[in-house]
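Let's take a friendly walk through this protein, one element at a time. Have the sequence and the coordinates open as you read.

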Amino acid sequence: MVNQRRRQCAACRHQVSLTAGTVLHRTKIPLTHWFWAAYLMTTDKRGVSALLLQRQLGLSCYETAWMMLHKLRRAMVNAAREPLHGEVEVDQTWVGGEQAGLRGSRQLKGRRAALVLVAVEKRGKASGRVRMRVIPDFKAKTIIPFVTQNVSPGSTIYTDGPRALRVFRKPVSKTSLALNP
C-alpha cells in the first residue's frame with residue numbers, strides 16, 4: 001500500500017519518499033514550515049533565531065524550531081569546499097567573556113571567552129573567504145592541522161608571529177606552506 005508521502009515503482013514496487021536522503025527525511029513537520037524556515041533564514045541578513053522562528057511559524061515547541069535551524073545550517077555547509085589559497089592571514093582571537101570590572105587580557109582568566117583561530121583569504125585590499133574554529137589552546141599541535149586542512153599547499157601565510165605559527169617559516173613536508181614575516 002502506498003501512502004501520500006511515498007511513491008512506488010510500477011515495475012519493482014519499490015517505495016521511496018520524496019524527502020529521502022534530505023534534511024527533511026522522516027519529518028513530521030509540514031513541508032510548508034520547512035520552506036518558510038529556509039526562506040526566513042536566507043532573507044534576513046542578521047539571521048534568524050530559534051525563538052523568532054518558533055513565533056513566525058507558530059510552533060508550540062522551541063526545540064523543534066532549534067532542530068529545524070540546526071538541520072538547515074548543516075545542509076548549507078559545503079563539505080567539499082576548496083581550501084583557501086594565495087595570500088592567507090592567520091590569527092587568533094577571543095570571542096565573548098567580558099567580565100565586569102576587568103580590562104584587557106585579565107578578563108579572559110577563568111575561560112569565559114572562547115579561543116578562536118581564524119584564517120582569511122586576502123583579495124587585494126579586501127578580505128575573501130574565511131575559515132574559523134574554536135580551539136582549546138594555541139599550540140602547534142592544534143594549529144597545524146587547522147592550517148593544513150584549510151589552506152592550499154603553496155599559499156603564503158601572514159601572521160603577527162605567534163610561536164605556534166613559526167613552524168611555517170620552513171616548508172612543511174605535505175603542504176609546503178611558507179610564512180612571510
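A good place to begin is helix α1, whose buried residues are W34, A37, L40 and M41. Looking down the axis of α1, you will find these buried residues within an arc of 130 degrees, so they line one face of the helix. The general geometry helps here: an α-helix has 3.6 residues a turn, so residues three or four places apart point the same way. Keep in mind throughout that you are looking at a predicted model.

What do the buried residues of α1 pack against? Their neighbours are two other helices, α2 (50-57) and α3 (62-76). On the face turned away from the buried side, α1 carries the exposed residues F35, W36 and T42. As for its dimensions, α1 covers residues 31-43, which makes 13 residues. From first C-alpha to last it reaches 18 Å, close to the 18 Å expected at 1.5 Å a residue.

Now step back to the whole chain. The protein has four helices and seven strands, and along the sequence they follow the pattern β-β-α-α-α-β-β-β-α-β-β. Of the 181 residues in the protein, 30% are buried. If you take the contacts between residues at least 6 apart in sequence, 41% of them join residues at least 24 apart. The accessible surface comes to about 12800 Å², and carbon and sulfur atoms account for 54% of that area.

From the helices, let's move on to a pair of strands. Strand β4 (residues 114-123) and strand β5 (residues 126-134) pair in the antiparallel sense, with seven bridges between them. One detail to look up in your viewer is K122, whose bridge partner in β5 is S127. The two strands form a hairpin with two residues between them, and in this hairpin G124 takes a positive phi near 70 degrees.

The charged side chains come next. How many salt bridges does a search of the whole structure find? The search finds three. One of them joins E121 and R123, with the closest N and O atoms 3.0 Å apart. Another brings together the side chains of E121 and R129, at 2.9 Å from N to O. Through these shared partners, E121, R123 and R129 become one network.

Is E121 buried or exposed? With a relative accessibility of 3%, E121 counts as buried, because the cut-off for that label is under 20%. Its partners in the network have other labels: R123 is partly exposed, with a relative accessible area of 49%, and R129 is also partly exposed, at 22%.

The salt bridge still to visit is formed by the side chains of D44 and R46, at 3.4 Å from N to O. Here D44 is partly exposed, with a relative accessible area of 22%, while R46 counts as exposed at 73% relative accessibility. You can set this pair beside the E121 network in your viewer, where E121 is the residue that counts as buried at 3%.

Key: Residues are numbered from 1 along each chain as its sequence is written. This is a predicted model: local features need pLDDT of at least 70, side-chain atom pairs count only at pLDDT 80 or more; totals for chains, interfaces and linings use all residues. Side-chain values use heavy atoms; hydrogens and water are left out. A salt bridge is a side-chain nitrogen of Lys or Arg within 4 Å of a carboxyl oxygen of Asp or Glu. Buried means under 20% relative accessible area, exposed over 50%, partly exposed in between (1.4 Å probe, protein chains only). Contact means heavy atoms within 4.5 Å. Accessible areas come from the Shrake-Rupley method with a 1.4 Å probe; for residues, only the protein chains shown count as cover. The expected span of a helix is 1.5 Å times one less than its number of residues. The arc is that of the directions from the helix axis to the C-beta atoms. Two strands pair if DSSP finds at least two bridges between them.
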